[in-house]
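Subject: Structure handover

Hello,

Here is the structure I promised to pass on. Please open it alongside this note. My findings follow below.

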Amino acid sequence: PMPVAETFTFEDSTGLRLGDIAEIDTLVTVVDGSRFLSELDSIQTLQDRDWQADPEDQRTISHLLCDQVEFANVIIVNKCDQINSDEKNQVKRLIQQMNPT
């Protein structure tokens, strides 16, 4: 979500910013409930999966997940049918701890 939000602050060659004509009302993150816990424990980097925003992006998958959950103001957890109720509760608790709003 952060790179999307940042696009609203950059000026184009004419000095116009996207934020001058539009505003961000909501930042939504969709969490894969079936993989959230395992991905949160991952030490793989974005580069390992070729997901990096730029060549100097050294974040791990876990860091990306945390960034997305912490920055969003709407969080949707999908694939809940693929996990049991204990796992659902654990995912929900973690998300609430990371983003209490």
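Which residue forms a salt bridge with Asp67? The partner is Arg59, and the closest N and O atoms are 3.0 Å apart. Before going further: this is a predicted model. Please read everything below in that light.

Salt bridges

The whole structure holds six salt bridges. Arg59 takes part in the one with Asp67, and the side chain of Arg59 also meets that of Asp57, at 2.9 Å from N to O. Arg59 is partly exposed, because its relative accessibility is 27%. Its two partners are placed as follows. Asp57 is buried, at a relative accessible area of 9%. Asp67 is partly exposed, at 34%. There is also a network: Arg35, Glu39 and Arg49 are joined into one by salt bridges that share partners.

Another pair is Asp20 with Arg17. Their side chains meet in a salt bridge, 3.0 Å from N to O. Asp20 has 43% relative accessibility, so it counts as partly exposed. Arg17 has 29% and counts as partly exposed too.

Cysteines

How many disulfides does a search of the whole structure find? The count is zero. Why is Cys66 unpaired? The closest cysteine sulfur, in Cys80, is 18 Å from the sulfur of Cys66, which is too far for a bond. A disulfide would need the two sulfur atoms within 2.5 Å. Seen from the other side, Cys80 is in no disulfide either, with the sulfur of Cys66 as its nearest cysteine sulfur. Cys80 is partly exposed, at 26% relative accessibility.

Nonpolar surface patch

Look next at Val28, Val30, Val74 and Ile76. They form a nonpolar patch on the surface. Together they have about 300 Å² of accessible area. Two elements give two or more residues each to this patch: strand E1 (28-32) and strand E2 (74-78). Val28 sits in E1. With a relative accessible area of 46%, Val28 is partly exposed.

Helix H4

Helix H4 spans residues 61-71. Which of its residues are buried? They are Ile61, Ser62, Leu64, Leu65 and Val69. Viewed down the axis of H4, these buried residues fall within an arc of 160 degrees, so they line one face of the helix. What covers them? The cover includes E1, E2, helix H3 (36-40) and helix H5 (85-98). Both strands of the patch are thus named again here: E1 and E2 give residues to the patch, and E1 and E2 are part of the cover over the buried residues of H4.

Backbone at Lys79

Check Lys79 when you go through the loops. Lys79 lies between E2 and H5. Lys79 is not a glycine, yet its phi is positive, at about 60 degrees. As background, most residues other than glycine have a negative phi. Is Lys79 buried or partly exposed? Lys79 counts as partly exposed, because its relative accessibility is 37%.

Loops toward the N terminus

Ile24 is in the loop between helix H2 (18-21) and E1. Ile24 is partly exposed, at 34% relative accessibility. Which residues does Ile24 touch, leaving out those up to four places away in sequence? They are Val4, Ala5 and Phe8. For a sense of scale, the C-alpha atoms of Ile24 and Pro100 are separated by 20 Å. Along the chain, Ile24 and Pro100 are 76 residues apart.

Asp12 is in the loop between helix H1 (2-6) and H2. Asp12 has a relative accessible area of 39% and is partly exposed. The C-alpha atoms of Asp12 and Ile75 are separated by 31 Å, with their positions 63 residues apart along the chain.

To recap

Arg59 forms salt bridges with Asp57 and Asp67. The search for disulfides finds zero. The buried residues of H4 line one face of that helix. Lys79 has a positive phi.

Best wishes

Terms used. Residues are numbered from 1 along each chain as its sequence is written. This is a predicted model: local features need pLDDT of at least 70, side-chain atom pairs count only at pLDDT 80 or more; totals for chains, interfaces and linings use all residues. Side-chain values use heavy atoms; hydrogens and water are left out. A salt bridge is a side-chain nitrogen of Lys or Arg within 4 Å of a carboxyl oxygen of Asp or Glu. Buried means under 20% relative accessible area, exposed over 50%, partly exposed in between (1.4 Å probe, protein chains only). Patches are made of residues with over 30% relative accessible area and no salt bridge: like charges are joined within 9 Å, nonpolar side chains (Val, Leu, Ile, Met, Phe, Trp, Tyr) within 5 Å. Accessible areas come from the Shrake-Rupley method with a 1.4 Å probe; for residues, only the protein chains shown count as cover. Helices (H or I, at least four residues) and strands (E, at least two) are DSSP runs, numbered from the N terminus. The arc is that of the directions from the helix axis to the C-beta atoms. Contact means heavy atoms within 4.5 Å.
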